Amino acid sequence: MLNRWSDNDAAKYVAKYAGICPESVALRVYTSRLIGAETALVMHGGGNTSVKDTVTTLTGERMEAIFVKGSGWDLDSIEPEGLPGLDLAYLRKLRALNALSDEAMVNELRTHLFNASAPTPSVETLLHAFLPHKFIDHSHAEAVLAITNRENGEALARVAFGSRVAIVPYIMPGFALAKAVADIHDKAVSEGRNLEGLVLMKHGLFTFGPDARTSYDRHISLVSMAEDFMLSRTKVCGRHISQRVTDEPTRIARAAAIAPLIRSAIASVGGDGRTVMSSSADRRMIVEYRTGGDEIAFADSGDAGRKAALAGPMTPDHVIRTKPYPLWLELSDWSGEAETAAEIQAAIEKYAADYDEYFETYGPGRGKSGLKKLDPMPRVIFVPGCGMFAAGATRKDAAIAADLASQTVRMKTASLCLGDYEGLPAADLFDMEYWSLEQAKLGKAKPRPLAGKIALVAGGGGPIGTGAARALAADGAVVVVADISEKAREIAAREVGGAVGLHMDVTDEASVGAALDETCRRFGGIDIVVINAGVAHVQPIPGMDMAAFRRVAEVNLFGAMNVFKAASALMIRQRLGGDIVLISSKNVTAPGADFGAYSATKAAAHQLMRVAAMELAGHDIRVNSVLPDAIFGEGENVSGLWKEVGPSRAKSRGMDEKDLPEFYRNRNLLHSPVTGDDVGRAVAFFCRRECPVTGAGLPVDGGVAAAFPR
Ligand SMILES: [Zn+2]
């Protein structure tokens, strides 16, 4: 592993934080980030670091302090405020206690902070406090875990690291581990050993030193030693993970077909195997597909991979993100139809039933009462012949589970050469999963109304598409902006934080299908589709350019049909209901002269919306429409339609083009401008399902009396 220390960079950190925090903390920030930057060491909040120094209180008293990583911070982006300071002399006294409950420990930590509003210090704070060294670095280094996670791991670790480290048997993090580590450390030192660190079996690596550089150097040096050890064994073991993996086009196609079925089974299977529809689909998750070289090689490795996969996570704090075990899902049918769905459903029902049994055995079965059972759904799924899927309540949670699972795959693949992989026993995994201090890391934010749902806005560029995307994202949906124009989807994706842009030409069935497939691979399915693509052509009927008329029909009618068709077929297969919202037009109820191409094709699409509502209601798919009028957009995000029709509309009314928005504003009853965001909020209203509505049209036009229905 590369040692990334640079005197120059270290000096920059010291200069940057001068006057903000002690120099030692500035250097602590620097080397914490060096460790955080290495994904083979830590990821997503894993690992922790500390430094000891003194602080001067308001009354001039100098006190010993420890600055340790606070929860909620990642090492790769930590700042001084992510290293809360605590009263070190007091914390050391706690070592004399025989036991300390988790709740009492957190209370002791919080009440001995120097800053009352600091984040809660790491659950491993006392471990850092009980060791005498000034700088301490802790990671979940892959190479170290590859050595420790096996039956003979302790003996192997002694061979690999020699006398530089002391070995600590697995103990769950918390007060007991802190005491055990301090005792083992002190005993080794009393025997005259010159320790550089500690290897915690099936957990990770600690190193320490009198200054930031020494502790960091030792960390990288020990990890490199582990890597070399692994490499030397790999050369001779001859035991390789799969030689033949499924080819990429095949697995990519399979992923699009099965992702919605996996996601649907996760959302609909109860512990009792009951299947439900979208009204109670509050458990739907985001499902991310990965098929890099590592993931597919592992999934295609047959029995060796399966055994390693089911042997538990690489380090205990992954459990809250990945669940104790992944699902190994063997499929014999790849059609994506009923047979595939049945296989997936059965596998996930079995997983849930096994999880229930695990809970009963290690929770109530061991006299642990008052625990609230977590959902029994897998977070990581290996599918031989396809790759890996990861699930999470949000897009971020799914990505975190995927990252940790990918890291675990790398580590387990490498470690197979040392013999069978052995993770922690189920009882230890259970204790970690149900440890209140781990659960606290996940937070308890109230989910937004569309959380867990995936929305695709077809024709998502322009002010209405952006408005719809923004409103759906604000309600918690994961949003895909699909548009034929790269620039338009870039603007939309930029204006809607976190939205993903995809290419889609609504007039091309294959292009529509490809965008839907890609959405399924990235997020697991589609719950909401907004059909917004539209173009206009201004010409009176007697002189109509028929090619232009066809072009308008191609987008406004055939394009809408393509999306209706593909989206509804996917939603039916997905069995989670759905919402389709057509962006219709005020011209449907109040057409304009010279606007035949637009008005007629929009009216036809509107009628399709009604028919779709009738056909799809039985699948719990609601189909509605919004009828906007005169959405101009602003800045870079102007309406493409108005760019085209604006000049002629202005001319026919004998006015300047720039006065058009004002003209349309004054034309409506409320004298209100109508924006893309107004239309977007109407779209979100339908998708939130606050009332039982389908086949409906909601005018968002400031009130146009001529468009009242008759
Ligand atoms: Zn740890």
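Two helices count as oblique when the angle between them is neither under 35 degrees, nor 65 to 115 degrees, nor over 145 degrees. Keep that rule in mind for the first helix pair below. The model described here is predicted.

**The whole chain**

The chain has 710 residues, and 50% of them count as buried. Its secondary structure comprises 26 helices and 20 strands. Along the principal axes, the C-alpha atoms fill a box of roughly 100 × 65 × 50 Å. Take the contacts in the chain with a separation of 6 or more. Of these, 73% join residues 24 or more positions apart.

**Domains**

The domain assignment splits the chain into three parts: domain 1 (7-237), domain 2 (248-439) and domain 3 (455-707). Between the C-alpha centres of domain 1 and domain 2 the distance is 30 Å. Each side gives residues to the contact: 25 from domain 1 and 25 from domain 2. Which elements of domain 1 give two or more residues to the side that touches domain 2? They are α4 (102-111), α6 (142-148) and α9 (212-237). By class, this side of domain 1 has 11 nonpolar, eight polar and six charged residues.

**Two helix pairs**

Now look at two pairs of packed helices.

| Pair | Residues | Angle | Axis distance |
|---|---|---|---|
| α10 and α14 | 248-268 and 338-362 | about 40 degrees | 9 Å |
| α18 and α19 | 462-474 and 486-495 | about 35 degrees | 9 Å |

Start with α10 and α14. Their axes meet at an angle of about 40 degrees. The two helices are therefore oblique to each other. The crossing of α10 past α14 is right-handed. Which residues of α10 make the contact? Helix α10 uses I258, L261, I262, A265 and I266. From α14 come T340, A341, I344, Q345 and I348. How many charged residues does the contact of α10 with α14 have? It has no charged residues, but eight nonpolar and two polar ones.

Turn to α18 and α19. These helices pack at about 35 degrees, with their axes 9 Å apart. Their crossing is right-handed. On the α18 side, the contact is made by G462, G465, T466, A469 and R470. On the α19 side, it is made by A488, A492 and E495. The classes here are three nonpolar, three polar and two charged residues.

**Putting the pairs side by side**

Charged residues number two in the contact of α18 with α19, whereas the contact of α10 with α14 has none. Nonpolar residues number eight in the contact of α10 with α14 and three in that of α18 with α19.

Definitions and conventions
Residues are numbered from 1 along each chain as its sequence is written. This is a predicted model: local features need pLDDT of at least 70, side-chain atom pairs count only at pLDDT 80 or more; totals for chains, interfaces and linings use all residues. Domain bounds come from an automatic or database domain assignment. Two residues are in contact if their C-beta atoms, placed from the backbone, lie within 7 Å. Helices (H or I, at least four residues) and strands (E, at least two) are DSSP runs, numbered from the N terminus. Ala, Val, Leu, Ile, Met, Phe, Trp, Tyr, Cys and Pro count as nonpolar, Asp, Glu, Lys and Arg as charged, and the others, Gly among them, as polar. Axes are lines fitted to C-alpha atoms, for helices over the stretch in contact, and angles run from 0 to 180 degrees between N-to-C directions. A crossing is left-handed if the near helix is turned anticlockwise from the far one by less than a right angle, and right-handed if clockwise. A residue is buried if 20 or more other C-beta atoms lie within 10 Å of its own, exposed if 12 or fewer, and partly exposed in between; C-beta atoms are placed from the backbone.
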